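Biologist: Could we walk through this entry together? I would like to know what stands behind each word you use.

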Amino acid sequence: MLALVFVGTVAGLQGCEDYFDLEDNPNLVNDPPLSTMLSTATQKTALNNYRVASITSYFVQYLASSTQGSSTDSYEVTDYSGTWNALYLAMADIYDMRQKALEEGASHYVGVADVLMAYHLSLVTDLWGDAPYSNAFISTTLTPTFDPAGDLYQETLRLLDEAIVELGKAESSVLLDANNDLIHGGSTENWIKTAYALKARQLNKLSGTSSYDPQAVLAAVENSYTSNADNAEMGVFEERNPWAEVALENENLILGGWLSEQLIEQLKGTTTGVEDPRLPKITDPTINGDYVGTPNSVGNVGSASNTIRDETYISRNSPLTSDTSPIILVSYPEVKMIEAEAALRAGQTERAYEAYLQGIQASMDMLEVASADANAYISDPAVSVGASNLTLADIFREKYVITYLNPEAWNDARRFDYQYEDFTVPVNAVLPTFIRRVAYPSDETAKNPNTPDVTDLADPLWWDA
Amino acid sequence: MRLSFTSFVVLLMLWCAAGAHAQGTTVSGKVSGEESGAALPGVSVTVKGTTTGTTTDAEGNYEITVPGQDAVLQFRYLGYTTREVEVGNQNVINVTLVTDTKQLGEVVVTALGITREKKALGFAAQEVQSEELVENRQPNVLNAMQGKVAGVTISSTGGAPGQGSSIQIRGINSIDPSRPNQPLFVIDGIIMDNSTSTFGEGSELRGMSNRLADLNPNDIESINILRGGAATALYGLQGANGVVVITTKAGRKGEMRVNFTSTVGFEEVNKFPDIQDTYTQGYLGEYDSTSFWPSWGPTVEEARQIDPTHPSKLYNHFKDAYESGSQFRNTLSFSGGSEAMSFFTSLSHLRHEGVLPFTNYQNISARLNADAQVSQKVRIGGNFNYINSGGDRYNADRFNESLSYWSPRWDVTDFRKPDGTMKTYGNNNPIYGAATNKLQDEVNRFIGGLTFGYKPLDWIDLSYRIGLDTYSDDRTRTAPGPRGLPDERVYEDNELGFVHEYSTRFRAINSTFIATLNSDFGENFSGTLRLGHDLLDRQSKSYGVIGQELAVYDYFRLSNARFLSTDEQETEYRLMGIFAEASVDYKDFLYLTLTGRNDITSTLASNNRSFFYPSVSVSYLFSEQFDLPDIINQSKLRLSYAQIGKDAQPYSISSGYAPYAGLPTGYTGVTRDALLGNRALKPEFTNTFEAGLEMAFFNNRLGFDFTYYYSLSKDQILNINVANTTGYILAAINAGEMRNKGVELVLNGAPIKSNNFTWDAKLVFSANRNKILKIPEELDEIVYASQFGYVGSTVSMRLVEGEPYGNIYGSHFQRYYGPGEEEDPLFIDESRPIVIGEDGFPVRAPLTSQKILGNSQPDWIGGFTNTFTYKNLSLTALLDARIGLEKYNQMDNFFAAFGIAEYTENRNDTKVFEGVLEDGTPNTKEVWLGQGIGPDGVDYGNGYYRNYYRGVSENFVEDASWVRLRSLSLNYSLPEKWFESIFIRNASLGFTGNNLWLHTDYKGFDPETSFSPSGSNVDGFSGFTYPAVRSYLFTLNVGF
């Protein structure tokens, strides 16, 4: 007690000003090193890839809910506030890293921040269209305005170009920290390739518009990945890969990660006539030894009980979704397919066909498919159609497997107008046609009066002709 | 600082010069009660106009030195009318005191433990005495005050054992919804923490206790609630939301007394929602005994034809899942004292089992209050309270949500398989969840204070108090992992098993020094000046280790977890105040009090940290000045004005980077902190004006106390939720104006008063009107809370300029407006017909149109207490009402979505919705309400309730007004003659029923319950709450 009296006396008599100086929050850091911002930025980016894919994978029918009439499956207006917030809070971290890197003259960090920002912007605008950017993350306004989707698209290209320049600089006051760069382990070379890969993706997104320039796409592709070793991927998790987490929960009958009938039927070769050897690498057979997908919006079929494991699910045995598998942002096989598409659209059929076959092969490699099986599939006439017979449908069909659980798949589906074999609007969907966008989340509409009013989810985005 | 101190010293000296010195004679005598003739111990005897005083001993005797023959002695005793006697030439003055039917003449404990005559107060004050508090036998003291005090809204957030209660005085004062609007709690002069900590994953929804719940209600002598600015001015910014001054029992001189109280009771849910009992499990009318859908199947009869094992009747899973609870409280107290010393000590144990299975709470409390008169000039006092409390908490929101998914085709109480794993047909069994997904808290708390009083001269009194409130709050959260048995079903929230250990260390030191100077000026004036210094130093540090995925499924040790992560938080807060209060009384009928306080706070930047604010109050006893008709007794008029400053929450002025939690051990990352801090924050000020009239009639048999108040808060400091596109979740700003005005009325009556029978009645009524005058410029509105509803029926609570706090916004039906008729963007015009679409179903207005569907703040609240006493038997009934408020019923939204609500029984009906088509012509289209293909051959898909009804918030924001019989207690004191020859002094038996009757139109559980934890300003959601209970309690009280 005496000590307390003492505290009181001291406080009363001594310099009061010091005693009341408790401005700095002891829970926070004021000036963190760039490396601690890099680890956060790179990990959040990959987790956001997962978050967005957890929405879009239902639209492209990689996944289907086990429950009949689930909201995402059936195109209901669904509130994706959590994803939206995660994207923007990550962008704020990326923005801060970039600002600090600029102050310190750390060009390589500026470059990485640009790539990550461009990637985030593409995720946001490809889901929602117009979105805050030019006065977001800065503390000058509490209600950021929405920039037109077209401007955001241009900004992604600008950021990627800037990234290529910054990452190419020999000088950087702080070098990328290999341990904290969770995507490329500190390799500026690979970051530049990723910048080109994303640029190729972005340029190719305009395929349905008049400003589409396949040569520009091909130019970007040429500076991009040359093997799977270059892939932009992130494999540092608090516990495990989030898809593996879904699979694990499903193993414990907390249902989720059920593969769609659409994906399974394609892999089984129902439409092509040739079974894809990637099927057993993506998922596991059912207790009956077969592969059964779940129709979107219909939910559990087959045996009445949804606890009998007679469907196929995301698998923890797959090289893509095991506990330690990295999340892939953009990959070499995908870039090859971009090349194939751009070349085909440019009339360079030979190049297109070559890239198409290389893309499939690279995908087989990534999934650790035995070479004999891979060869058997690739050499099948249904796949090896010959350069002169190669169609966009072939490319999109193969790319559909390559972009399994990647948000890019939905961009492709919309560009391709969902013309995959046997792809149909889910039963009892609330839209008469395929879904083209998602509605702004309630967190934003509630707090930001600038939020546009979007209610028709069949209304296409600007690049989606 | 220096300046203020100097000026105080000067003032002090000036006052000294004015002091009167006198030597006098000694007077002695005995004080007894007029009716009983019994000696009254502890009566305050003072020389009027001075602070010279003493108290009577156990035999009612006193001895006092008076300055001279013209001195007047005042005899004051709680519950008795104060008497004044002129000394004259008497040396022995024996006095009898008449019992008072309350009201004026009382002595009340006001700010900082200062005891003042009630008649001198220029502001409203209402005290609740010990007897009134223990009447309800509520374990949480706050609940015991419900319906008894004007201007005070107390809501139990739910019926869980130890569950928190919220208290609001004169409405919401701050636009900042995250800012606790709870009053300051002061117990025996020590600031007592009443926060509700939600530290630790999952505790937000587990009905954690408000820390006041630690207090044993049996220890309390009285509670005085200071409501207005003038009443709380001396407490400074901490008292901005009102102050609850609690005084615990003190020892009385005389023989030692022992008291034993034992309460035993049981309780049950007081209100269940109505559920349908016709349709069973499945979807689209098709029976499926493993379906996720609990009630969209066929009728029971149809299902039984397919599945002979189907029970002949559906279970009522809501009624089945809750059980009856129980509580036991035993309190043993000792009190006594001698001339020099007195003490009160108590020991109490409470064990409370809740109605939700596997929830419970325990509280052990020990107290020692001691006072010593060391010499004529020096007195020392100490109050010490040790508390151990805590229990098993469960998430009622989750429990009820899971219950809504549970199909009543299955018995929910059959929740465990013989091997101990969850038994279910498919969906999670909520009871299994309650049994295995645990959060246990344990608080060890010490509240202690020492008081030193020194009275060097008659007219000067120095007192110093140092108080400490410190506790540790340890929480353990566990769930078993899967066992890997064949066909094992894992309860979803248990994941792969986990163990979390959380710990909070809290301490607050509170030091108060007050110098009191008394003096008379001439014949008609007397005055008191108080000068003081007040310091609060508060610190809290919390940390947690979260262990996920257990290797041994039920070994709850962190070392058994596969992944470990941490959570840390630390807060420090310091506040100092220097204050002065000067009061002058003219001829005992006019009292003027002026106060001023300067605060220095640690939460604002140095240039804004120190601020001053004043108050003034007047009490005018016009009944003493004028010769009023005999029927009018002491009556007074009160007027006051006060300004109160308020600081920011700790660390609102700083921004920075917080640890990023997503990385495994071995990696470190930072992320932008959620709060956008603001160095420019300046203090906010509230100006309060209050006027009151108190009158008593017919020998105080009837009285009223009426108060009007008006308060305006400017430049409010808010940590508002902002769009995450700003890169922040919260931002600290200095903006906004809010106004509260209202009336409070207390009516006392004693309609019957005879020797054997008395009837006392008390009515309290209050109404508050709030208005948001200004919100930050760039915002149209501030959304401070929202709660999920299916497909567009999510509701939100928003602050909008010109509208009151508490508005609930949501989606609504489209109503018909003819050409040229303008639609009100904020309110629904219920007189207009609903627009019916071409498909024959009501049309919901576009989701961008969110209208005000209700308001969670009541239009008025009232409490009516009647006490009937016949000889040794007394009966007290308290009717409590809260009228004119709405709440969002999330449970009903789920009930519509899952076909549980009773009204979904009409799902196989065909009807024509009342309303008009878009062109204004009446709707005539007949539609079917069911799922799938209707009798008309049309495919109705998921049916009316899922496709239309559940998506409109308007359907689920309901009138949450209620009237209840809050408590009914019957008490019988056994005749004293029975104990004449034995060691028992007195004994009584009592029965108390709480919530015996409830009237409300609300469809869910008791609408008093709230989704949000206690202390939250979000009170508009009452869906999946821990239901309120009706309790029956028996009490035995024996005195030795």
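Modeller: Happily! Let's start with A:K169, which lies in the loop between helix 6 and helix 7 of chain A. Helices here are DSSP runs of H or I with at least four residues, strands are E runs of at least two, and both are numbered from the N terminus. This is a predicted model, in which local features need pLDDT of at least 70 and side-chain atom pairs count only at pLDDT 80 or more, while totals for chains, interfaces and linings use all residues. Residues are numbered from 1 along each chain as its sequence is written, and chains are lettered from A and ligands numbered from 1 in the order in which they are written.

Biologist: Why is A:K169 called partly exposed?

Modeller: A residue is buried if 20 or more other C-beta atoms, placed from the backbone, lie within 10 Å of its own, exposed if 12 or fewer do, and partly exposed in between. A:K169 has 13 C-beta neighbours inside 10 Å, so it counts as partly exposed.

Biologist: How far is A:K169 from A:Y225 in sequence and in space?

Modeller: They are 56 residues apart in sequence, and their C-alpha atoms are 20 Å apart.

Biologist: Now to the two helices on either side of that loop. What makes helix 6 of chain A and helix 7 of chain A roughly antiparallel?

Modeller: Two packed helices are described by the angle between their axes and the distance between the axes. The axes are lines fitted to C-alpha atoms over the stretch in contact, with angles running from 0 to 180 degrees between N-to-C directions. Under 35 degrees is roughly parallel, over 145 roughly antiparallel, 65 to 115 roughly perpendicular, and the rest oblique. The axes of helix 6 and helix 7 (residues 188-204) of chain A cross at roughly 160° and come within 9 Å, and these two helices are therefore roughly antiparallel.

Biologist: Which hand does that crossing have, and which residues of helix 7 of chain A take part in the contact?

Modeller: Helix 6 of chain A passes helix 7 of chain A in a left-handed crossing; left-handed means that the near helix is turned anticlockwise from the far one by less than a right angle, right-handed that it is turned clockwise. On the helix 7 side, A:W191, A:I192 and A:L198 are among the residues in contact, contact being C-beta atoms, placed from the backbone, within 7 Å.

Biologist: How do you know the make-up of that contact by class?

Modeller: Ala, Val, Leu, Ile, Met, Phe, Trp, Tyr, Cys and Pro count as nonpolar, Asp, Glu, Lys and Arg as charged, and the others, Gly among them, as polar. The contact of helix 6 with helix 7 of chain A has ten nonpolar, four polar and one charged residues.

Biologist: How does helix 5 of chain A pack against helix 6 of chain A?

Modeller: Helix 5 (residues 107-128) and helix 6 (residues 149-168) of chain A pack at about 160°, with their axes 8 Å apart. That makes helix 5 roughly antiparallel to helix 6 of chain A, and their crossing is left-handed. The contact includes A:V110, A:M117 and A:L121 from helix 5 of chain A and A:L152, A:L159 and A:A163 from helix 6 of chain A. Its residues divide into twelve nonpolar, six polar and four charged.

Biologist: And why is helix 12 of chain A called roughly antiparallel to helix 15 of chain A?

Modeller: The axes of helix 12 (residues 332-345) and helix 15 (residues 392-402) of chain A cross at roughly 170° and come within 10 Å. That angle makes helix 12 of chain A roughly antiparallel to helix 15 of chain A. Their crossing is left-handed, and A:M337 and A:L344 of helix 12 are among the residues that meet helix 15 of chain A, including A:I395. The contact divides into seven nonpolar, no polar and four charged residues.

Biologist: Let's zoom out. What makes chain A as compact as a globular protein of its length?

Modeller: Chain A has 17 helices and four strands. Its radius of gyration is 24 Å, close to the 23 Å that the globule rule gives for 465 residues, so chain A is as compact as a globular protein of that length. The radius is taken over C-alpha atoms, and the rule is 2.2 Å times the number of residues to the power 0.38. Of the 465 residues, 55% count as buried.

Biologist: How does chain B fare by that rule?

Modeller: The secondary structure of chain B comes to eleven helices and 53 strands. For its 1040 residues the rule gives 31 Å, and the radius of gyration is 31 Å, so chain B is as compact as a globular protein of that length. Buried residues make up 54% of chain B.

Biologist: How many residues of each chain are in contact with the other chain?

Modeller: 72 residues of chain B are in contact with 69 residues of chain A. Strand 28 of chain B gives the largest share of the chain B side, seven residues. That side divides into 32 nonpolar, 28 polar and twelve charged residues.

Conventions. Contact = placed C-beta atoms within 7 Å.
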